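Biologist: I would like a close look at a single part of this model, the ligand site.

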Amino acid sequence: MKVFLIGYMGSGKSKVAEALGKIMDLPVVHTDELVEEAEGKSISEIFKTSGQEHFRDLEKKALHSLAENNNVVVSTGGGLPCYFDNMEYMNAVGVTVYLEANPGLLFHRLSNNKTGRPLIENLNDVELMEQISGQLAVRSPFYKKAQIIINAASVDVKSLSQLIINH
Ligand code: S3P
């Protein structure tokens, strides 16, 4: 079983992935970490030295590098589902779960957690709110292709694991 957690930065993908991994007894991987390991650089450095387009290529490669991992929970980078055919690919090879969060909650979680996230780290509060709302509008149609959509504000990991198993 492959489970993909998707959603905007700050929606809680990593935390939910760790909890799901424990409850379902599955290993957990983070695409951001795979990219960082492959390049030997942090996400911020990759954006700075090679640009976002190169980062998106690396992300796709990281996703496909999991083809042989049959049982795994994957926490994906917030933009990953919105590039190439990544969403279709994840839906074809596993179960996708969208952690849906409104802009207010995301702002609350991100305003003090911008470091290491190049798309928001230099924004002030007003710009951050605009970035979240604007990107969510563009990204939601991709996220909503997920097979399971849950409210990021109140995740019950046990019932989520049941939803995934019964899917
Ligand atoms: C990004 C989200 C980040 C990381 C990169 C770009 C995005 O992952 O992949 O900074 O485009 O939303 P998290 O969602 O884990 O913060």
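Which helix contributes the largest share of the shell around the ligand, and with how many residues?

Modeller: This is a predicted model, in which local features need pLDDT of at least 70 and side-chain atom pairs count only at pLDDT 80 or more, whereas totals for chains, interfaces and linings use all residues. Residues are numbered from 1 along each chain as its sequence is written, and side-chain values use heavy atoms, with hydrogens and water left out.

The largest share of the shell comes from helix H3 (residues 43-64; helices are DSSP runs of H or I with at least four residues), which provides four residues. The ligand has 14 residues around it (a heavy atom within 4 Å), and Lys-13, Asp-32, Arg-56, Gly-78 and Arg-139 come nearest. By class, this shell holds six charged, five nonpolar and three polar residues, with Gly counted as polar.

Three arginines make polar contacts with ligand oxygen atoms (N or O pairs within 3.5 Å). The side chain of Arg-56 places an N or O atom 2.7 Å from one, that of Arg-139 likewise has an N or O atom at 2.7 Å, and a polar side-chain atom of Arg-117 lies at 2.9 Å. The protein covers 94% of the 390 Å² of accessible area that the ligand has on its own (Shrake-Rupley, 1.4 Å probe).

The ligand takes up the space of the largest pocket, whose volume is about 710 Å³. Among the 32 residues lining this pocket, Met-9, Lys-13, Ser-14, Asp-32 and Arg-117 are closest to its centre. Helix H1 (13-24), helix H2 (31-39) and H3 each supply at least two lining residues, and H3 gives the most, with five. The lining divides into 13 polar, 10 charged and nine nonpolar residues. A pocket here is an open set of points on a 1 Å grid over the protein atoms alone, where a 1.4 Å probe fits, with protein on both sides within 12 Å along at least five of seven lines; lining residues have an atom within 4 Å of a point.

Notes
Polar contact = N/O pair within 3.5 Å; in protein donor to acceptor, adjacent residues only side chain to side chain. Sits in = over half its atoms within 2 Å of the grid points. Points joined across faces, edges and corners; volume = space filled by probe spheres on them.
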